[in-house]
Amino acid sequence: MALSRGLRCCQRVFSWIPVLIITSVVLWSYYAYVFELCLFTLTNALEKVAYLLVFHVCFVMFSWTYWKSIFTPPASPCKKFQLSYSDKQRYEMEERPDAQKQILVEIAKKLPIFSRAQSGAIRFCDRCQVLKPDRCHHCSVCETCVLKMDHHCPWVNNCVGFSNYKFFLLFLSYSMLYCVFIAATVFQYFLKFWEGDLPNGPAKFHVLFLMFVALMFFVSLMFLFGYHCWLVAKNRSTLEAFSAPVFVSGPDRNGFNVGILRNLQQVFGEDRRLWFIPVFTSQGNGHYFPLKNRSSESHNPLLANEDMWEESDDGSEEGSLVEDQDPSVTIEMEE
């Protein structure tokens with residue numbers, strides 16, 4: 001037990017190494033650009049002020065979005081999807097598998113769940129003891145179920161999902177902007193140092209490496225950002241791009257695709273003035289997502305209007321009852 005706890009502690013410590021690497025590179029780039037380039041190399045005062053002003057805007061937005069991506073906790077299913085104490089007692093005391101499945105079916109009747117496991121069964125996480133909402137998956141690193149999980153990113157040491165997906169996209173975009181600005185403004189001095197027009201010194205080393213590092217990170221970020229832009233346009237997560245979500249009618253990669261504009265609004269919100277600011281504006285609560293084929297929702301008057309399905313403040317189940325699901329639907333245990 002102590003050994004297992006020690007290994008988990010070591011794993012948590014080592015998981016911060018990628019973040020420390022990124023932080024170290026960024027801090028070095030700050031020193032190299034501000035001091036070695038702007039303060040020690042540039043001679044034109046107007047150019048120096050303009051470079052420093054724009055650079056610090058990019059640096060602040062990059063740092064802000066990176067911070068939000070790292071330290072925004074992944075959202076987990078609310079209490080309505082968890083087994084209550086009485087339901088858990090009934091479930092654990094029941095020895096017959098069919099009876100256990102029936103208990104879970106009764107609980108699932110009250111919830112807005114449309115997606116299924118590959119076998120067609122309702123998804124249940126045996127570790128977290130929750131019925132998984134649509135697009136929710138269990139993260140073995142975070143050891144919890146994450147709403148609209150996209151992937152676990154080692155570079156932010158966090159799960160990217162419903163609560164921070166907007167921040168992650170903004171982090172990628174401002175990272176690219178940061179790299180582009182550095183490369184564009186350093187390029188002429190990179191050539192001067194390379195051709196020997198400027199004297200050798202510490203600044204030469206920093207400027208040359210600034211150029212290489214900025215271009216290297218820009219290329220890698222460009223492909224990653226482009227891929228996630230495509231995912232947002234299609235309203236898919238990384239997991240759904242590799243394994244299509246399954247519905248009662250079968251697998252459908254475009255099951256949650258409701259049009260580019262509405263797809264964007266689900267992530268960034270309706271107020272376009274806030275799209276590029278790292279504040280949470282995503283639509284909904286992460287437990288329910290509109291479907292491309294809304295015919296399945298029409299069978300359920302509660303789920304036909306997503307705003308009607310909300311968790312009450314006192315934690316009661318009032319207003320959460322829905323029409324019975326097919327009692328033949330089974331439950332699959334998933335970790």
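A helix here is a DSSP run of H or I with at least four residues, and helices are numbered from the N terminus. The model used in these exercises is predicted.

**Exercise 1. Place Ile-17 in the fold and classify its exposure.**

Step 1. Ile-17 lies in helix 2.
Step 2. The relative accessible area of Ile-17 is 39%.
Step 3. Buried means under 20% and exposed means over 50%. Ile-17 is therefore partly exposed, at 39%.
Step 4. Ile-17 also belongs to a nonpolar surface patch with Phe-14, Ile-21 and Trp-155. Together these residues have about 420 Å² of accessible area.

**Exercise 2. Describe the largest nonpolar core and find which helix gives the most to it.**

Step 1. The largest nonpolar core has 51 residues. Tyr-33, Phe-55, Ile-182 and Val-186 have the most contacts inside it.
Step 2. Helix 2 (17–39), helix 3 (45–71), helix 6 (165–195), helix 7 (202–234) and helix 9 each supply at least two residues of this core.
Step 3. With 17 residues, helix 6 gives the most to this core.
Step 4. For one of the core residues, look at Ile-182: beyond its neighbours within four places in sequence, it is in contact with Tyr-33, Phe-55, Leu-210 and Ala-214.
Step 5. As general background, nonpolar side chains in soluble globular proteins tend to be buried together.

**Exercise 3. Decide whether Asn-257 is buried or exposed, and list what surrounds it.**

Step 1. Asn-257 sits in the loop between strand 8 (250–251) and helix 9 (260–268).
Step 2. The relative accessibility of Asn-257 is 18%. The cut-off for buried is under 20%, so Asn-257 counts as buried.
Step 3. Leaving aside neighbours within four places in sequence, the contacts of Asn-257 are Ala-233, Lys-234, Asn-235, Asn-263 and Lys-292.
Step 4. With Asn-263, the side chain of Asn-257 makes a polar contact of 2.8 Å.

**Exercise 4. Which residues of helix 9 are buried, and what covers them?**

Step 1. The buried residues in helix 9 are Asn-263, Gln-265, Gln-266, Val-267 and Phe-268.
Step 2. Their cover includes helix 6 and helix 7.
Step 3. Just after helix 9, Gly-269 takes a positive phi of about 90°.

**Exercise 5. Summarise the protein as a whole: its elements, burial, contacts and surface.**

Step 1. There are ten helices and nine strands.
Step 2. Of the 335 residues, 46% count as buried.
Step 3. Among contacts between residues at least 6 apart in sequence, 63% join residues at least 24 apart.
Step 4. The protein exposes about 17700 Å², and carbon and sulfur atoms supply 63% of that area.

Key. Residues numbered from 1 in each chain as written. Predicted model: local features only at pLDDT ≥ 70, side-chain atom pairs only at ≥ 80, totals over all residues. Heavy atoms only, no water. Buried < 20%, exposed > 50% of the residue type's maximum accessible area, 1.4 Å probe, protein only. Polar contact = N/O pair within 3.5 Å; in protein donor to acceptor, adjacent residues only side chain to side chain. Contact = heavy atoms within 4.5 Å. Areas by Shrake-Rupley, 256 points an atom, 1.4 Å probe, with all protein chains shown as cover. Core = buried A, V, L, I, M, F, W, Y, C linked by side-chain atoms within 4.5 Å. Patch = residues over 30% accessible without salt bridge, like charges linked within 9 Å, V, L, I, M, F, W, Y side chains within 5 Å. Salt bridge = Lys/Arg side-chain N within 4 Å of Asp/Glu carboxyl O.
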